[in-house]
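I opened this entry to keep track of what I looked up, step by step. The notes follow in the order I made them.

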Amino acid sequence: QRKMKNQIKVGLWGCGNQTHRLVEKTFATNKIDIRLCSDINQDTADRAAEMYQAKTCSTDELLASDEIEILLISLFPAAHTEALIKAVTAGKAIYIEKPVVTNWDEINKLTEVIPESAYIHVGLMFRYIPIFRTLKKLVDAGKIGTLIGVDFNWLCRMGSPENCPEGKNNWRFHPATGG
């Protein structure tokens, strides 16, 4: 990838397969410049750094760096809350995968420390939601053309299975979807 003007300078916190799926298409367009890679597994960070022509670093170095404009956090769900707190405390703009929290205590902890001025984008992979599975099948079968994008605002205040008509049977409460 050529380094170009106006690319968004990105730091990766977590460099596994999910991270590559998140950035591969954008990286190929030259819209982002991945500068730093940090992962608990040094080999994983090294592979990502080689792939993206970036440098590896510790998490502390990543959080302290002025070299990045946005931090992509792609860790296992139970690590998201603490990672988000550290990133916000470091003043970073953030893209984080869902789920951001896994319980109510984490929600309370986050609301105490995240300022209103924080820039946080939460990614939700829709590929597991039934309507999007159906769309993919229709595209794959040639029944509809290429989808450029699907965008909608999903505001949901269910909060707990007790507030949901289907209770714990609702897909939103299955551990495999992030809970």
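Which exposed residues does the face of H2 turned away from its buried side carry? I looked and found Arg47 and Glu50 there. I note at once that this is a predicted model.

**Entry: helix H2**

I then listed the buried residues of H2: Thr44, Ala45, Ala48, Ala49 and Tyr52. Viewed down the helix axis, they fall within an arc of 135 degrees, so they line one face of H2. The general rule helps me read this: an α-helix has 3.6 residues a turn, so residues three or four places apart point the same way.

I asked what the buried residues of H2 pack against. My list holds strand E1 (8–13), H1, strand E2 (32–38) and strand E3 (55–56).

I checked both ends of H2. At the N-terminal end, Asn41 acts as the cap. A side-chain oxygen of Asn41 sits 2.9 Å from the backbone nitrogen of Asp43. Just after H2, I found Gln53 with a positive phi of about 55 degrees.

**Entry: aromatic pair**

I searched for aromatic pairs and the count came to one. The partners are Phe27 and Tyr52, arranged edge-to-face. I noted 4.7 Å centre to centre and 75 degrees between the planes. The pair links distant parts of the chain, 25 residues apart. Phe27 belongs to helix H1 (residues 17–28), and Tyr52 to helix H2 (residues 42–52).

Are these two rings' residues buried or exposed? Phe27 is buried, with a relative accessible area of 12%. Tyr52 is buried too, at 3%.

**Entry: overall layout**

I stepped back to the whole chain. I counted six helices and six strands. Along the sequence they follow the pattern β-α-β-α-β-α-β-α-β-α-β-α. Of the 179 residues, 36% count as buried. I also looked at contacts between residues at least 6 apart in sequence: 58% of them join residues at least 24 apart.

What is the strand order in the sheet? I read it as E3-E2-E1-E4-E5-E6, an open sheet of six strands with parallel pairing. E3 and strand E6 (120–123) stand at the edges with a single partner strand each, so one side of each is left without a neighbour in the sheet.

**Entry: strand E2**

I looked at E2 next. Six of its seven residues are buried, so E2 is largely enclosed by the rest of the structure. E1 and E2 run parallel and are joined by six bridges. I picked out two facing positions: Lys9 stands opposite Asp33 in E2, and Leu12 stands opposite Cys37 in E2.

Asp33 made me stop. It is buried, with a relative accessible area of 4%. What joins its side chain to that of Arg35? I found a polar contact of 2.5 Å.

**Entry: nonpolar cores**

How many residues does the largest nonpolar core have? I get 18. Those with the most contacts inside this core are Trp13, Leu62, Leu71, Ile73, Leu84 and Ile94. I listed the elements that give two or more residues to it: helix H3 (59–64), strand E4 (70–73), helix H4 (80–89) and strand E5 (93–97). H4 gives the most, with five residues.

Apart from this core lies another, of 16 residues. Its members include Leu12, Phe27, Cys37 and Ile70. Phe27 is thus on my list again, after the aromatic pair with Tyr52.

I took Leu71 as a probe of the largest core. I left aside its neighbours within four places in sequence. Leu71 is then in contact with Gly11, Trp13, Leu62, Leu63, Ala87, Lys92, Ala93, Ile94 and Tyr95.

**Entry: His80**

My last lookup was His80, in helix H4. Is His80 buried or exposed? It is buried, with a relative accessible area of 1%. The side chain of His80 reaches the backbone oxygen of Leu75 at 2.8 Å. I also listed its contacts, again without neighbours within four places in sequence. They are Ile73, Leu75, Ile96, Glu97, Lys98, Pro99 and Val100.

Key: Residues numbered from 1 in each chain as written. Predicted model: local features only at pLDDT ≥ 70, side-chain atom pairs only at ≥ 80, totals over all residues. Heavy atoms only, no water. Core = buried A, V, L, I, M, F, W, Y, C linked by side-chain atoms within 4.5 Å. Buried < 20%, exposed > 50% of the residue type's maximum accessible area, 1.4 Å probe, protein only. Helix = DSSP H or I, 4+ residues; strand = E, 2+ residues; numbered from the N terminus. Contact = heavy atoms within 4.5 Å. Phe/Tyr/Trp six-rings, centres within 6.5 Å; stacked < 30°, edge-to-face > 60°. Arc of directions from axis to C-beta. Polar contact = N/O pair within 3.5 Å; in protein donor to acceptor, adjacent residues only side chain to side chain. Pairing = 2+ DSSP bridges.
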